[in-house]
Amino acid sequence: MSRPRILVVDDDREIRSLVADALADAGMQVSAAGSTAAAEDRLASQRIDLVLLDRMLPGESGVDFCRRLRTTSSVPVIMLTALGEEPDRVMGLEAGADDYLGKPFTARELIARIQAVLRRAPPARPGETHRLAPRYRFEGFVLDVEQRLLSRDDGAPIQLTSGEFALLHTLVEHRPRVLSRDQLLDMTRGASAGPFDRSIDAQISRLRRKLETETRRPRFIKT
């Protein structure tokens with residue numbers, strides 16, 4: 001199994017170095033960037049399995065970059081933030097981040113969260129055979145679990161983050177059962193979810209915007 005390559009985007013050289021050392025000790029490959037422009041170069045020239053993205057960057061913020069990245073890529077993103085208030089965390093999730101982690105953090109928690117996000121979007125392994133995964137059809141959409149792809153019946157793809165895909169897959173797989181927030185967190189995030197984690201709310205809102213024509217009266221995902 002190849003080692004995952006993590007892109008660390010932070011303008012603080014010391015933090016980049018500390019994070020890179022911790023990830024390398026955990027058996028991961030690391031690329032680093034001090035700005036969103038440098039991050040774009042890395043993403044264009046390397047295989048990146050996950051992005052650790054600082055929220056507060058000079059010039060273009062991490063939130064704006066994540067939002068822009070989501071128009072072209074579903075690479076998993078963990079937002080690093082020194083802002084601990086819930087609205088600040090939710091802003092990052094609504095921009096398309098799969099998870100968030102407040103500074104300061106421990107290497108152990110950082111690695112655990114990376115591993116949890118990567119489990120939702122495992123990289124393809126050369127020569128590995130897979131059991132045929134199901135395809136779900138509902139209301140003009142096709143969810144292909146093998147390809148990890150959501151598309152319309154006409155074949156037009158809909159970009160989903162790994163977190164959004166995991167959430168939609170869980171909802172479709174357990175339909176018409178009603179699932180609580182805690183159940184959804186456990187099924188999609190496991191041990192990495194905190195007791196007051198509100199990320200599911202943000203992901204539900206993003207999914208509704210991508211699936212529904214009228215988000216105030218949702219047809220597919222109801223609360």
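**Sheet, helix and pocket**

Visitor: Across which strands does helix α5 lie, and what makes its direction relative to β5 clear?

Guide: In this predicted model, helix α5 (residues 107-120) lies across β1, β3 (50-54), β4 (77-81) and β5. Helix α5 runs at about 180 degrees to β5, and because angles are taken between N-to-C directions on a scale from 0 to 180 degrees, this value means that α5 and β5 run in opposite directions.

Visitor: How do you know that strand β1 pairs with β2?

Guide: Pairing asks for at least two bridges between the strands, and five bridges join β1 (residues 5-9) to β2, so the criterion is met. The two strands run parallel, and Arg-5 has Gln-29 in β2 as its bridge partner.

Visitor: Why are β2 and β5 called edge strands?

Guide: The open sheet has five strands in the order β2-β1-β3-β4-β5, with parallel pairing, and β2 (29-33) and β5 (99-102) each pair on one side only. From one strand to the next, the twist averages 20 degrees.

Visitor: What makes a residue that lies nearest the centre of the second largest pocket nonpolar or charged?

Guide: The pocket holds about 730 Å³ of space and is lined by 24 residues, with Leu-171, Ile-204, Phe-220, Ile-221 and Lys-222 nearest its centre. Since Leu, Ile and Phe count as nonpolar and Lys as charged, Lys-222 is charged, whereas Leu-171, Ile-204, Phe-220 and Ile-221 are nonpolar. The whole lining has 13 nonpolar, three polar and eight charged residues.

Visitor: Which element gives the most to the lining of the second largest pocket?

Guide: That is α8, with five residues; the elements that give two or more are β6 (135-138), α6 (162-173), α7 (181-188) and α8 (199-211).

Conventions
Residues are numbered from 1 along each chain as its sequence is written. This is a predicted model: local features need pLDDT of at least 70, side-chain atom pairs count only at pLDDT 80 or more; totals for chains, interfaces and linings use all residues. Side-chain values use heavy atoms; hydrogens and water are left out. Helices (H or I, at least four residues) and strands (E, at least two) are DSSP runs, numbered from the N terminus. Contact means heavy atoms within 4.5 Å. On a 1 Å grid over the protein atoms alone, a cavity is a set of points where a 1.4 Å probe fits but cannot get out, and a pocket is an open set with protein on both sides within 12 Å along at least five of seven lines; lining residues have an atom within 4 Å of a point. Grid points are joined across faces, edges and corners, and a volume is the space filled by probe spheres set on the points.
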